[in-house]
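Here is a short briefing on one protein chain. It moves from sheets to helices, then to loops and the chain as a whole.

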Amino acid sequence: LLRHGGIGRSMAPILDEDLLAHAREVRKEDQLQAEPGLLESVRAWLQSHEAESTQLATHTVLENYPDWWSRNNRRSQLPGLEISGDDLEDLYQYVGRLHDLSIPLTLQERRTPLFRFFQDIEAWGSTKDSISSDRLVGIDADLTRLIGKFMGKVFPPNSDRLFLDAAVFDATGVEQTKGLRKTSLRLVWPSIIVDQDRAITVQTSLVHQLTLASEEEGGALADLQAELQRHHRDNAWYRVFSDGPYGNNRPGVRMPLCDSVSPLPLRAPEKRPFVPVGMLRFTYASDNQMKGIEWLCKQEELNAHEWVKLGTIRVTDTSVPLSRYEAPAAQNRPAPKGSTKTGRIKVRTVGGSDGAEARREPRRVMMERVGTTVTMKRRLAVAPDFFCEKMERQMGQASMSPDGAWVWRQPNGEAHITMYAEDKRIMVVGLCNQVRSLLVTISQFCEAEESQKLFWPQGLPSAAYAPAQDTGCNDGEVTSIIGQLRYTETQFNPEGQGELQLQEGTMVTVLADPEAEHTSGANRWVYGKSEATQQVGWFPLSHTKSNADAN
């Protein structure tokens, strides 16, 4: 304990006889029953494994939740835990025992470079109900059969071991932030070892298979997709089987038998821990065709700590190789019924369809409008505390990521700003139009990193708009157009949120130009105000000329 700073480093220790009362108060469970001696043992063990920094932590606390065992007060940052070797067995025991006492921990484990493959299945419902877990995962579930067939093809079992096992966990309940029920399931494949890229590839391929299967009119998967979307319109396959858990923005994975925590301002356990359902076994023939599915064991047949061990995903043994993998064969959508043509996908280019006469004006290439996510890096030019204060006024309370960063999210989307206080790094992530708006929000507090440039698929978006004639914007203008009054030469009709409509012949004032330091010429987006409508938003600079050139 002394090595980690002592129990009383941040606050006075709570006496044994008060610990149960403290746990009841923190968890808001007046009827909570547990031996104070056990709670003290758990607290002392967890505090003795506190990491010296978030970078060294192998396990962190969801949403930085100040639980009953924590030495920190509510305004402090929890660095996480550093647990390895034989100590992992003790952790599994404590996680299991506390779950059995109805005070589950709120821990997540940090992904290792190689990890056990897992799949989170999440489907939204209403305030009253959501789709049944049995409809998604079970020996009679059509979705489970498709998953089993798919996994046998991409991860062929060994000839002397013609089966794959998957531990099933269920965390279905009310998601407190939205107040809606959510069907949350997890499959953990203990024998399948993957890295980040392979996990994303497999999940993407599975979503593609599900999409194709759902297009078969009258098929079981089509009916299931319709049922999912009756419960909630956002239940598309790519959201039900998101690849988000494998991304760099979510390096932590909630542990089995641990509870979820709602983010700030609620920041409280949601009372829906990952409870074990059972272990599924998929059996295969020698040609990797699936033969059947059975329950190898159910929840009551194993102890809680054994389920924790089966459901963890970290692989710390560096000698363990990636599992054998075979990329799935590409499949195109079938041709429509009654058609004599094949299901070949026609290629469309900026100039139009293949084989067709090129268009006089180029086709708009606006990949950002079909969901492309971009990342921008900035560096703080002010103190982190000052930046936090300003962001809280504009975007509300921040949440804490597993690596100790502060995260502010837009209320109605996935776009977010992440601040790493230690080295003053800022990451802005979201769809292109969302990122542009957030960059304006933080521009007065940050400066661009060297060589930082917005990533635009297929080139800069406004390049597709550039008129054939001279735009009147030369390289010398790039660093001096903020505040400039410009003449709209080509009409611009917005198609994305935050974009500004421009009518030909009207004037617009440039208010912000975040890409100027890295992009010369007119092929970039700027933020401005229409003098005709007084509306503000983003527009392609290539549609305008400086007022002097226009005159």
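In this predicted model, alanine 512 stands opposite tyrosine 527 in β20. The strands β19 (residues 507-512) and β20 (residues 525-530) are paired in the antiparallel sense. Four bridges link β19 and β20.

**The five-strand sheet**

- β19 and β20 belong to an open sheet of five strands, ordered β21-β20-β19-β18-β22.
- Pairing in this sheet is antiparallel.
- The edges are β21 (536-540) and β22 (544-546), and each of these strands pairs on one side only.
- From one strand to the next, the twist averages 50°.
- In a regular strand, side chains alternate between the two faces of the sheet.

**The β8-β9 hairpin**

- Strand β8 (residues 275-284) runs antiparallel to strand β9 (residues 290-298).
- Seven bridges join β8 to β9.
- Threonine 283 has glycine 292 in β9 as its bridge partner.
- The two strands β8 and β9 form a hairpin, with five residues between them.
- Asparagine 288 sits in the turn and has a positive phi of about 70°.

**Helix α3 and its two packing partners**

- Helix α2 (residues 36-48) packs against helix α3 (residues 87-100) at an angle of about 140°.
- The axes of α2 and α3 are 11 Å apart.
- Angles over 145 degrees would count as roughly antiparallel, so α2 is oblique to α3.
- The crossing of α2 past α3 is left-handed.
- On the α2 side, the residues that meet α3 are Leu38, Leu39, Ser41, Val42 and Trp45.
- Their counterparts in α3 are Asp87, Asp90, Leu91, Tyr94, Arg97 and Leu98.
- α3 also packs with α9, at an angle of about 125° and with axes 8 Å apart.
- α3 and α9 are therefore oblique to each other.
- α3 passes α9 in a right-handed crossing.
- Toward α9, α3 offers Glu89, Tyr92, Gln93, Val95, Gly96 and Asp100.
- These α3 residues meet Ala304, His305, Val308 and Lys309 in α9.

**Positive phi in the loop between β1 and α3**

- Most residues other than glycine have a negative phi.
- Glutamate 63 has a positive phi, near 55°, and is not a glycine.
- Glutamate 63 lies in the loop between β1 (59-61) and α3.
- Asparagine 64 is placed in the loop between β1 and α3, and its phi is positive, near 55°.
- Is asparagine 64 buried or exposed? Asparagine 64 has a relative accessible area of 6%, so it is buried.

**Threonine 112**

- Threonine 112 is in the loop between β2 (107-110) and β3 (115-124).
- Its relative accessibility is 10%, and because buried means under 20%, threonine 112 counts as buried.
- Which residues does threonine 112 touch, not counting those up to four places away in sequence? They are Ile313, Arg314 and Val315.
- A polar atom of the threonine 112 side chain lies 3.0 Å from the backbone nitrogen of valine 315.

**Valine 320**

- Valine 320 falls in the loop between α9 (304-311) and β10 (348-349).
- The relative accessibility of valine 320 is 25%, so this residue counts as partly exposed.
- Leaving aside neighbours within four places in sequence, valine 320 is in contact with Leu114, Ile193 and Val315.
- Val315 is thus among the contacts listed for valine 320, and Val315 is also touched by threonine 112.
- Valine 320 and leucine 114 are 206 residues apart along the chain. Their C-alpha atoms are separated by 8.4 Å.

**The chain as a whole**

- The protein chain holds twelve helices and 22 strands.
- Of its 551 residues, 50% count as buried.
- Contacts with a separation of 6 or more can be split by distance along the chain. Residues 24 or more positions apart account for 70% of them.

Notes
Residues numbered from 1 in each chain as written. Predicted model: local features only at pLDDT ≥ 70, side-chain atom pairs only at ≥ 80, totals over all residues. Heavy atoms only, no water. Buried < 20%, exposed > 50% of the residue type's maximum accessible area, 1.4 Å probe, protein only. Polar contact = N/O pair within 3.5 Å; in protein donor to acceptor, adjacent residues only side chain to side chain. Contact = heavy atoms within 4.5 Å. Pairing = 2+ DSSP bridges. Axes fitted to C-alpha atoms, helices over the stretch in contact; angles between N-to-C directions. Parallel < 35°, antiparallel > 145°, perpendicular 65-115°, else oblique. Left-handed = near helix turned anticlockwise from the far one by under 90°.
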